[in-house]
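Thanks for asking me to look this one over with you. Here are my comments as a short numbered list; keep the viewer open while you read.

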Amino acid sequence: MGKGRARQSIRAAFFVIAAALAGPAAAQEVGVSVASTEIYADLPFILSVTAKGFEEKPEPTIADLEIPGCKVVFISVSPSVTSFISIFGRRQSERRDVSFVFNYSVTPSKPGSYTVPAIEVSQGPKKATTRPSTFRALEVAETDEMKLILTLPDRPVWVGETFPLTIDWFIRRDVREQAFAIPLFEMEDLVDVSPPPGEPKRAAIDFPAGARVIRLPFERERVPLEGGTFTRFRFRALVTPTRSGTIDLPPGQVVAEIHVGTGRDRFGFASKKYRLAKAVDRPLRLEVRASPEAGRPESFSGAVGTGFGIDVEADRTVVRLGDPVTLVVTIRGDGRLDGLGLPPLDVDGGLSPELFSFPDESPPGEMLDDGGKRFVVSVRVRSERAAEIPALPFSFFNPISGVYQTVRSRPIALAVKSSALVGAKEVVSAATEPETSAPSVKPATDETREIASPTSLVGANLSLSDSEDTLRKTRGIRGVLPFALFLYAAPLLLLGWRTWSLRTRKRRSAAREIRRAGRRCLDAIDEASRVPAPEGAPRIASAMQSLRKLRNLPQEEGQGLLRDLEVAAFDPAAASSPLPDALCNRAREMVRDWSRGPAPAGVRTALLWMPIVGAALMAAPASAEEAQSTAEAYLQGGREAYREAMVEMDRDRRVAGFARAADLFGRVAREYPESPELLADWGCSALGAQDIGGAVLAFRRALRLDPDHPRARKNLAWARDRMPAWVPVPAGSGALDSLHLRVHSLSVPQRIFGGAAGFALVILLVMPWGSHDRLRRRLAILPALVWLGLSLSVVLDPGVARDRVVLRDGATLRSADSVGAPPVLGRPLPAGVEVTAIESRDSWTRIELADGTAGWLSESVLGEVEVSSGSPRP
């Protein structure tokens, strides 16, 4: 009884200890880590703050992180929940570990040591604080192999004036992984920076600009410079100051890896060696003046430039009292118009409130393809005394002359009737001026309908991918090419070996017999050194005669040695002694000479190398841990922006949230272009941001990798169904039939790999194995047809290499590669139209619509479906 109670007590104590071990998590902990192995000045790196021991909800709050001497930008926060179940006997306990990772982008300003202060993370009463930590930023050495020169206007500029900033980057050697730091781009509270409109985007590089990235196209040419001949990359950006004052700009710089020589990779192949270096420009100063208050007209709405014009059209000129008149106001000029509003209509001699009623708020404008901006506003006639739409004023500030200037539209005559209905014959179109390019306003019909507002996305699949699948890649052409090459090379090597084996079978059999006879001779010689000469000499002579016969040597060959052996065998003095060592050594040398066969065939060496070469071809490159960490941080930020936009009720903030998500997803997609789930997430974000062109491009790229991707297929069909009726879409009973049939349900990498596998099977079947060869050759017909069909489909079908997507609304399809050429269609193409490129010429591309209509479009409005990793294309 005592022993039983003791065992129960021990068991109870064991369960108490187990429950304590599997109970609540330990106290809260906060730690700091970085993804980079080395940290450099002026180069951003990801700093992560990991908080453990907190509850899953609500999300903990973290104190603002400030590191003296560093620029710190918060990127995202990602929660992680892990569950543990422990079973002891009949008892089960569960433990949940919750952690949050806060990601920051940190850029040290100069080399040296930096201290990360203590960071507090709190969740209600729970708090935890990190210990202060330090890191050291290394200096990147300057080099004479590249230079950077920034050029600003050599005069004071004005608030609201848009001026060009020229960035000249000179390199003398091959470079990679370049990163620019332009201080003016980071001053978002002082200036607004954008790429030049209408510039081709085929060759462009990313520049960080605060919390966003802008892509600047470049011109490339060889130019002489002090120190030799360099390749110059010239970038142009448009800068618009938003505040007055003197801006002292630190030097701009570029950091890149420069080619310094050639080394060997891990497989022993030659590879280029690179060294990190930088080029630094000089400090600059920019003086920004505010436009004067004195003499500012009431019709001034912020336009700054040297020349503007205003055109006004009305949809009718014969109206009844109280009827609405739709005015289309188009403003064009050499200044920036994207943030420009329409001036009040009743100032500086505009519309009279006694004669017209009009909205108090300025209507939203629409940017045109030619750089103008169009406003549509509805006014009503209040008095029969309204004889015309008066000349509407528009004022702007001229930064060159430093004065305000006012331009006016042409007046439009009106006929106002107070009673009888106005007949159709009396209505006169106001679009009589040939120089105005804005179209007349027409009622919406099936023939003129526009794409539905993306804020109403009924029918689209807007779900995001699982975070574990987002970066999962499908093997593109580059990924599958090593496997295909191996499937072509290995069977051919095997066929070569088998052919060589059959053709040399008799010769190799004879060589084996010669080697065996030689070994018998050597054995006889070794034995003769231990037995009396009369017994050992005849054995050596017999074995050597057999070897000479196998080698087809003449009888005279070795006759002297055989004679000496015979003399030694009958020598009475040596009857009890073995053969002399000198005679045995002569016999060994002759046997080795007779046994020496042909050199080993090179085929064997090739076969030994075949698995090594195959492993080298198929070895996947090691992914960069830092790049992976940065991508995951951007993805987390994109998912957060997407979730916030989904629940946002304000339309403008909702669209802005989707646009931020699309920007973050797009950054990652440029580095991971072979991840269909990521591309589909990018497309869904673009749909929410009303970027139909970007959405269609993203879905097409996803379908290039996975033709059966469900979200991409559904959303691309949704976007195509909402194209205007006059826009041709790929024909077929379904929205994606033509795309599905063109790739034959297989992507190009799948067809390349399938063709290679068919070729390997053909070679294996036709290879002479020695039995049932005729049957195997007949069976090889089917894989031969598969190989031929798939290979020809890759060679003859251009696939998606020539596919393009129109990215912006208002793209005019012209009859020649010039902005002055007449349009092919009566209306511009909307964003999201899918076209095929026929040829390229300078900054123009000749394209063809789905119905065969051909014309020229600027390359700046087109996005390519076929891209590669790191590509700068949109």
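1. Which residues does glutamate 640 touch, not counting residues up to four places away in sequence? Keep in mind that this is a predicted model. Click on the residue and you should find Ser76 and Val77 as its contacts, once those sequence neighbours are set aside.

2. Stay with glutamate 640 for a moment. You'll find this residue in helix H9, which covers residues 625-647. Glutamate 640 is buried, yet it has no salt bridge. The nearest side chain of opposite charge belongs to arginine 643, and that is 4.9 Å away. A salt bridge needs the nitrogen and the carboxyl oxygen within 4 Å.

3. Helix H9 also turns up in the largest nonpolar core, where it supplies at least two residues. That core has 53 residues, and the ones touching the most other members are Leu678, Leu687, Val806, Leu829, Val833 and Leu857. Other elements that each give at least two residues include helix H10 (651-671), helix H11 (676-688) and strand S34 (803-806). Helix H12 gives the most, with nine residues.

4. Try leucine 678 as a way into that core. Leaving out residues up to four places away in sequence, leucine 678 touches Thr470, Leu471, Leu635, Phe665, Val668, Ala669 and Tyr672. There is also a second, separate core of 38 residues, and Ile167, Ala209, Val254 and Ile258 are among them.

5. Ile258 brings us to threonine 143: Ile258 is one of the residues that threonine 143 touches, along with Arg275, Ala277 and Lys278, again not counting residues up to four places away in sequence. Threonine 143 sits in the loop between strand S9 (133-137) and strand S10 (146-151). Is threonine 143 buried or exposed? It is buried, because its relative accessible area is 11% and the cut-off for buried is under 20%. Its side chain also reaches the backbone nitrogen of glutamate 145, at 3.0 Å.

6. Last, have a look at a small sheet. Three strands make up an open sheet in the order S11-S21-S18, with mixed pairing. Strand S11 (157-158) and strand S18 (245-249) are the edge strands, each pairing on one side only. S18 and strand S21 (residues 284-289) run antiparallel and are joined by five bridges. To see how they line up, find glycine 245: it stands opposite valine 288 in S21.

Technical notes
Residues are numbered from 1 along each chain as its sequence is written. This is a predicted model: local features need pLDDT of at least 70, side-chain atom pairs count only at pLDDT 80 or more; totals for chains, interfaces and linings use all residues. Side-chain values use heavy atoms; hydrogens and water are left out. Helices (H or I, at least four residues) and strands (E, at least two) are DSSP runs, numbered from the N terminus. Buried means under 20% relative accessible area, exposed over 50%, partly exposed in between (1.4 Å probe, protein chains only). A polar contact is a pair of N or O atoms within 3.5 Å; within protein, one must be able to donate a hydrogen and the other to accept it, and residues adjacent in sequence count only if both atoms are side-chain atoms. Contact means heavy atoms within 4.5 Å. Lys and Arg count as positive and Asp and Glu as negative; His and the chain ends are not counted. Two strands pair if DSSP finds at least two bridges between them. A nonpolar core is a set of buried Ala, Val, Leu, Ile, Met, Phe, Trp, Tyr and Cys residues joined through side-chain atoms within 4.5 Å.
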